[in-house]
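Welcome! Let us take a walk through this structure together, going from the whole chain to a few of its residues.

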Amino acid sequence: MMTEQEFDALWQRAEATPHTTRLLEEYPAWRRQRRRTLGGAASLVAVTAVVLPLLTRPQPTVNDDSYTVAYCNRPDMANQYWVDMADALLMEV
């Protein structure tokens with residue numbers, strides 16, 4: 001003879017079997033979808049992290065007088081020569 005507790009345990013197992021089977025069948029597709037979603041979100045964060053500083057960087061203006069150093073591959077010429085040359089060229093325009 002089966003007790004009421006044994007009957008309830010068998011009943012719960014019988015009810016859970018179809019749900020367990022369905023979940024096991026759907027898990028691989030769910031996992032692929034989750035990986036795609038997380039990959040897309042990670043890509044969006046990476047692109048935002050790269051583009052946002054480029055968009056928020058202040059752009060130099062024409063009237064900016066902060067050009068105090070000039071770089072040249074001719075070491076025999078002083079930096080001040082190139083600064084003066086650039087200043088003269090800019091003043092002619």
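A good place to start is Glu26, which is partly exposed, with a relative accessible area of 42%. Keep in mind as you look that this is a predicted model. Glu26 has a partner: Arg22, with which Glu26 forms a salt bridge. The closest N and O atoms of this pair are 3.4 Å apart, and the contact counts as a salt bridge because the cut-off is set at within 4 Å. Arg22 is partly exposed too, its relative accessible area being 40%. Where do Glu26 and Arg22 lie? Both are in helix α1, which covers residues 4-56, and they sit four residues apart, about one turn of the helix. When the whole structure is searched, one salt bridge is found.

Now step back to the chain as a whole. The protein chain has two helices and zero strands. How many of its 93 residues count as buried? The share is 2%. The surface that the protein chain exposes comes to about 9100 Å², and carbon and sulfur atoms supply 62% of that area.

Finally, let us visit one part of that surface. Val47, Val50, Val51, Leu54 and Leu55 together make a nonpolar surface patch of about 470 Å². Take Leu55 as an example from this group: its place is in helix α1. Is Leu55 buried or exposed? With a relative accessible area of 67%, Leu55 is exposed, because the label applies to values over 50%. Glu26, at 42%, is partly exposed instead. So helix α1 is where you can find both the pair Glu26 and Arg22 and the patch member Leu55, by the way helices are assigned here.

Methods
Residues are numbered from 1 along each chain as its sequence is written. This is a predicted model: local features need pLDDT of at least 70, side-chain atom pairs count only at pLDDT 80 or more; totals for chains, interfaces and linings use all residues. Side-chain values use heavy atoms; hydrogens and water are left out. Buried means under 20% relative accessible area, exposed over 50%, partly exposed in between (1.4 Å probe, protein chains only). Accessible areas come from the Shrake-Rupley method with a 1.4 Å probe; for residues, only the protein chains shown count as cover. A salt bridge is a side-chain nitrogen of Lys or Arg within 4 Å of a carboxyl oxygen of Asp or Glu. Patches are made of residues with over 30% relative accessible area and no salt bridge: like charges are joined within 9 Å, nonpolar side chains (Val, Leu, Ile, Met, Phe, Trp, Tyr) within 5 Å.
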